[in-house]
Amino acid sequence: MGTKPSHTGISTTASDLEHAAYSPLPGHSSPASPRRPLKGFAGIISSCIFLLALVALILDQSQEPSHKPGKDEAPALTPKATSFSNISGPVARGVAQGVSAKSSPSFSGNELSYNWTNAMFSWQRTAFHFQPQRNWMNDPDGPLYHEGWYHLFYQYNPDSAVWGNITWGHAVSVDLIHWLYLPIAMFPDSWFDWNGVWTGSATILPGGQIVILYTGDTDNYVQVQNLAYPANLSDPLLLDWVKYPGNPVLVPPTGILPKDFRDPTTGWLGPDGKWRITVGSKVNGTGISLVYTTTNFTDYELLDNVLHAVPGTGMWECVDFYPVSINGTKGLDTSAGGPGVKHVLKASLDNTKLDYYALGTYFAENDTWVPDDPEQDVGIGLRYDYGRYYASKTFFDPVKERRILWGWINETDTANDDLAKGWSSLQTIPRTVLYDNNTGTNILQWPVEEVESLRLNSTDFDGVVVEPGSVVELDIGTATQLDILAEFEIESLGLEETNEVNGLCGSGATDRSSFGPFGLLVIADETLSELTPIYFRLANSSDGSLETYFCTDERRSSMASGVFKQVYGSTVPVLDGETLSMRILVDHSIVESFAQGGRRVISSRIYPTEAIYGAARLFLFNNATGVNVKATLKIWQMNSAFIHPFPLDQIH
C-alpha cells in the first residue's frame, strides 16, 4: 500500500541556478532516515527433470536490499556526439583483431580515475542487472528458451576484467531476473575460433532442435562462421555443446575483407522452405547485410543481392532482423511475415559504437528490405538507446509470445578501475519490443514485467508543484535501487519566451529555457554536489508546434574527473492529449530511463563518490524559466535479484 509523504522544497533564484546549478539554500531540512521494509516472497526454480534440489536456494532469501545503507554513489542530441572512436588515447582493445573497441571510453594511463575505496567499488556493482561474478563481459549471444529455462550466453573473458580470450559464458533463469551461472559453454579451442568465440545467434528448428551460428576468429585472424549444437537436447540446462567437425561453414566471400565478416543472425524460414541468415559486413564505407540461404545449416548459398546497404555507415556488427505486428500486442516468431507485419533491421555501427534500427518492409521474393522512411534509415535515424548501449540482440519468447531485447552496457570508468574492482560490464534489464501503432514510426521498449516482482514498498506523490528554478526533495529514504513512474504537467507563466539553448538537449540540465529542463535528479547526495538529471525540454519548432526532448546529463554524476561523462538525448514523439511521462530503473551504477512508454530510452553509467549507500537521494527539479511543473510519481524500492552459481553438485 503506497503512502503519500510530505516533501522538502529547496528553492533558488534563476540566477543562482545559472551560475551555481542546483546549489541548495542553507538550512534546508534533511530527508528522513531510510525505511528498510521487509516483504516476504519465495522464488521457486523449477524444471521438468531435476530441479527439486534448487527450491531451497531461493526460499530463504532475505527480501532486504543486499547493499547496506551508510555513507562510506532521431539523432544524437548531445553538445558534441562522442563515442569510443573519437576519444584520444591508446588503441582500444579489440581493434587490432578486427572487432569494435572494447576498452572503456576513458583513458588515464596506468592510473585509476579516482582514489576509489573498496566500499565505492562494492556500491558500483548492480543488484538486479545481470553481470558475471567477476571479469569482463560484452555482447549477449544466442538467447533462447528451452524446457523451462531462459538461456543467456555472453562474450566472456574468464581470466581478466578487460577484453580478450573470449569464450561463451552461460547462465539460466526461469524469469529473466533471477539467474544461475553455468559452466562456460564454448572455449576458443579449435583453429577456426582460436582467437575468440565471438558473437552469434541461436535458431530453433521444427521439432525443437537448436543450432547456433557464431563468428570465430581463426588462428590467422580471419573471421569465419561456425556451427554448434547441443550434445544432449534433453538436458534443460544445455550444459554441453558440440562444434560441427566441418567448421567453418562460411568464410568471407569474394570482395569482403577477412576482418569484415561477423555476427550471424537467427535464421528465418522463407516461402521456398529454405532458411535465411544475414551477416554484417561493409564494402568501402557502406554498411551491408549479406544474405545466405541453407536447408541444413552446414551448406550455404550467398545471394547476389544484399538484404540492405547504407552508404557512409561503415562496418555493421551484430545485425538483427525480425518481424513486428502493426496491430497486435504480442511478439512474433522470427519467420513470421505477411500482411500486418513490418520488419525491424538493426545494426551496431563499428564506427560509432551505437545501435541503430529502422522499420521497413521485407520482400521475401528477392530477400531485400526497404525502410519506411529513407531519412530514418539504419545508421542515420533512430537508435535503440541514446545512452551507453551496444551489441544488442533479440529473441522470440514462445511462452509469453513476446520479443525480448538484450543489450550490453559497458563501463565508462577506466580499464585500470575495472582491473582494480575485478569486473566490467553488465546487461540491461531485458526489454519487450512492440511496434508503436500510435505513432507508426518507432518501436516501444519496456522492461519485462518480471522485474516488477522485485518491487518492495511504494511511495506516492500526487501533484507536487515545482516552481521555476527550484529543487524538491522526495522523501523516500535511500535511493540506490528504485523503479520510478513519473508524469509531468506544465503550466505556462506567460513570461517572455527564452529558448536560447546550445543544442537540442542544451549543454545539460543547467542550460535554461522557457520550457525546460525539468525532471528528476537521481543518485544525488544531500548537498547536490553529485547528481544525474533525467529531464524533458520543450522547444518551439519551425512550424510553431512544440517539440519535446528527452535527455540525461551525466556531467555532475561523479566528482571523479577521470570518468567519462556526457549529455545524452533525443527528440521524443508526444501525441495530442498525452502527458509527459518517464520510467526510471535505478540500480547503483546503471540508470535506465524510458520516455513516453518506451518510445525513447537512455542508459547511463554513473560512479558517484558521495551519493552512495544511504547518502543517495532523489529530487524533482525545474530549471525552466517560464513554467510551473506539476509532478505525480509512484516510486518503489527494489529488492536484489538472486544471481548465483548453479549448484550442479546437487543434481541427481
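## Exercises on strand E3 and aromatic pairs

In this predicted model, strand E2 (residues 135-146) pairs with E3 in the antiparallel sense over seven bridges.

**Exercise 1.** Which residue in E3 is the bridge partner of Tyr 145, and which residue in E4 stands opposite that partner?

*Solution.* Start with E2 and E3: the bridge partner of Tyr 145 is Tyr 150 in E3. The hairpin of these strands has two residues between them, and Glu 147 takes a positive phi near 45° there. Next, turn to strand E4 (residues 167-173), which pairs with E3 in the antiparallel sense over seven bridges. In E4, Ser 173 stands opposite Tyr 150.

**Exercise 2.** Sort the residues of E3 by the way they point, and state whether they are buried or exposed.

*Solution.* In a regular strand, side chains alternate between the two faces of the sheet. Trp 149, His 151, Phe 153, Gln 155 and Asn 157 point one way from E3. Tyr 150, Leu 152, Tyr 154 and Tyr 156 point the other way. Nine of the nine residues of E3 are buried.

**Exercise 3.** Classify the ring pair of Tyr 154 and Tyr 156.

*Solution.* A pair of aromatic rings is described by the distance of the centres and the angle of the planes. The centres of Tyr 154 and Tyr 156 are 5.8 Å apart. Planes over 60 degrees apart count as edge-to-face. The planes here stand at 75°, so the pair is edge-to-face. Both Tyr 154 and Tyr 156 belong to one aromatic cluster with Phe 130, Trp 179, Tyr 181 and Trp 406.

Definitions and conventions
Residues numbered from 1 in each chain as written. Predicted model: local features only at pLDDT ≥ 70, side-chain atom pairs only at ≥ 80, totals over all residues. Heavy atoms only, no water. Phe/Tyr/Trp six-rings, centres within 6.5 Å; stacked < 30°, edge-to-face > 60°. Buried < 20%, exposed > 50% of the residue type's maximum accessible area, 1.4 Å probe, protein only. Helix = DSSP H or I, 4+ residues; strand = E, 2+ residues; numbered from the N terminus. Pairing = 2+ DSSP bridges.
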